[in-house]
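Biologist: I am new to reading structures, and I would like to learn how the descriptive words are chosen. Could you walk me through this one step by step?

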Amino acid sequence: MNVETAWRCLESGPGAGGLNMALDEALLEAMPGLGGPVLRFYGWREPAATFGYFQPYAGVEALTSLRPLLRRPTGGGLVPHDRDWTYSVAVPPAHEWYSLPAIESYRRMHEWIRAAFARIGMPVELAPAVRRAGAGQCFAGHERLDVLWRGKKIAGAAQRRRRDGLLIQGSVQPPPGAPERALWQAAMRAAAETRLGARWTLWAAPESLRRRADELIALKYSRPEYHRKK
């Protein structure tokens, strides 16, 4: 699929854990009004861990010593965040990606990442089958279509589809010898031009989006009871 589509790229830099989750959710809420997909790159000001929206807190708190431990707006398992390359993709309901089955959406995201790594000279592959290890932990073992480097999982993603759009949150654990993150981000944009027909606009988050993220932090992401609620 390479029909030309206008995409926005938001480079947020490192942020606090609550802000990172709140900005992704605010992007999802904004999709109907924005009318086009957004690729966001971001990092972490301090080590943290996130876990899937549907996971019980009691099932993950003993699996990691990383704190804060934050409930994501997407599904999936426990993900450590320290030196990983974190990204999100938000897609409006009118975009054809929104209507893909979950497995095909996952495949598309990781084929995109595979193509980006190929551009920086690091061949990776998509896992052909599941290898279980460590229930509930995203980077223990791998699922089908995860991104592998020399048999080890280096990238996984989680999704959430709502009426306002589709949100994908992903983490890349860069393998030894990986170049600077900026080169990978440039490769992601270039790969999307070829694979998805993306026409890029470098974008700064509007004040309205940041205000909504602040509201979500106050309502949810700064509250321990929200993360422990299930």
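Biologist: Why is R199 called partly exposed?

Modeller: This is a predicted model, so every value here is computed from it. R199 has a relative accessible area of 41%. Buried would need a value under 20%, and exposed a value over 50%. Because 41% falls in between, R199 counts as partly exposed.

Biologist: Where is R199 found, and how far is R199 from P56?

Modeller: R199 is found in strand β13, residues 198-202. Along the sequence, R199 and P56 are 143 residues apart, and from C-alpha to C-alpha they are 40 Å apart in space.

Biologist: What about P93: which word fits its relative accessible area?

Modeller: The value for P93 is 31%, so partly exposed is the right term. P93 sits in the loop between β6 (85-91) and α3. Leaving out residues up to four places away in sequence, P93 touches Y98, R163, D164 and G165. "Touches" here rests on heavy atoms within 4.5 Å. The C-alpha atoms of P93 and A6 are separated by 15 Å, with their positions 87 residues apart along the chain.

Biologist: Now S88, in strand β6. How do you know whether S88 is buried or exposed?

Modeller: Its relative accessible area is 1%. The cut-off for buried is under 20%, so S88 is buried. Not counting residues up to four places away in sequence, S88 touches D24, L27, V38, L39, R40, Y42, L167, I168 and Q169. As for R211, S88 and R211 are 123 residues apart in sequence and 19 Å apart in space, C-alpha to C-alpha.

Biologist: Let's turn to helices. What makes α3 oblique to α4?

Modeller: Helix α3 (residues 102-119) and helix α4 (residues 181-196) pack at about 120 degrees, and their axes are 8 Å apart. Roughly perpendicular covers 65 to 115 degrees, and roughly antiparallel starts over 145. An angle of about 120 degrees fits neither, so α3 is oblique to α4. The crossing of α3 past α4 is right-handed.

Biologist: Which residues meet there?

Modeller: On the α3 side they include R108, W112, I113 and F117, and on the α4 side W184, M188, A191 and L196 are among them. Sorted by class, this contact of α3 with α4 has 13 nonpolar, one polar and five charged residues.

Biologist: And why is α1 called oblique to α5?

Modeller: The axes of α1 and α5 come within 8 Å and cross at roughly 120 degrees. That angle lies outside the 65 to 115 degrees of roughly perpendicular and is not over 145, so α1 is oblique to α5. The α1 and α5 crossing is right-handed. Among the residues making the contact are L19, A22, L23 and A26 of α1, with L209, A213, L216 and I217 of α5. By class, the contact of α1 with α5 divides into 12 nonpolar, one polar and five charged residues.

Biologist: What makes you say that the buried residues of α5 line one face of the helix?

Modeller: In α5 (residues 207-221), L209, A213, L216, K220 and Y221 are buried. Viewed down the axis of α5, these buried residues fall within an arc of 60 degrees, so they line one face. The face turned away from that buried side carries the exposed residues E207 and L219. The cover over the buried residues of α5 includes α1 (17-34), β4 (69-71) and α6 (224-227).

Biologist: What is noted about the backbone of L145 and R150?

Modeller: L145 has a positive phi of about 80 degrees although it is not a glycine. For R150, also a residue other than glycine, phi is positive and near 55 degrees. L145 is in the loop between β9 (141-142) and β10 (147-149), and R150 is in the loop between β10 and β11 (152-162).

Biologist: How do you know which of the words buried and exposed belongs to L145, and which to R150?

Modeller: L145 has a relative accessible area of 4%, under the 20% limit, so L145 is buried. R150 reaches 75%, over the 50% limit, so R150 counts as exposed.

Biologist: One last point: what kind of peptide bond runs from R67 to P68?

Modeller: The bond is cis, with omega near 10 degrees. P68 is placed in the loop between α2 (57-60) and β4.

How values were computed
Residues are numbered from 1 along each chain as its sequence is written. This is a predicted model: local features need pLDDT of at least 70, side-chain atom pairs count only at pLDDT 80 or more; totals for chains, interfaces and linings use all residues. Side-chain values use heavy atoms; hydrogens and water are left out. Axes are lines fitted to C-alpha atoms, for helices over the stretch in contact, and angles run from 0 to 180 degrees between N-to-C directions. Helices (H or I, at least four residues) and strands (E, at least two) are DSSP runs, numbered from the N terminus. Angles under 35 degrees count as roughly parallel, over 145 as roughly antiparallel, 65 to 115 as roughly perpendicular and the rest as oblique. A crossing is left-handed if the near helix is turned anticlockwise from the far one by less than a right angle, and right-handed if clockwise. Ala, Val, Leu, Ile, Met, Phe, Trp, Tyr, Cys and Pro count as nonpolar, Asp, Glu, Lys and Arg as charged, and the others, Gly among them, as polar. Buried means under 20% relative accessible area, exposed over 50%, partly exposed in between (1.4 Å probe, protein chains only). The arc is that of the directions from the helix axis to the C-beta atoms.
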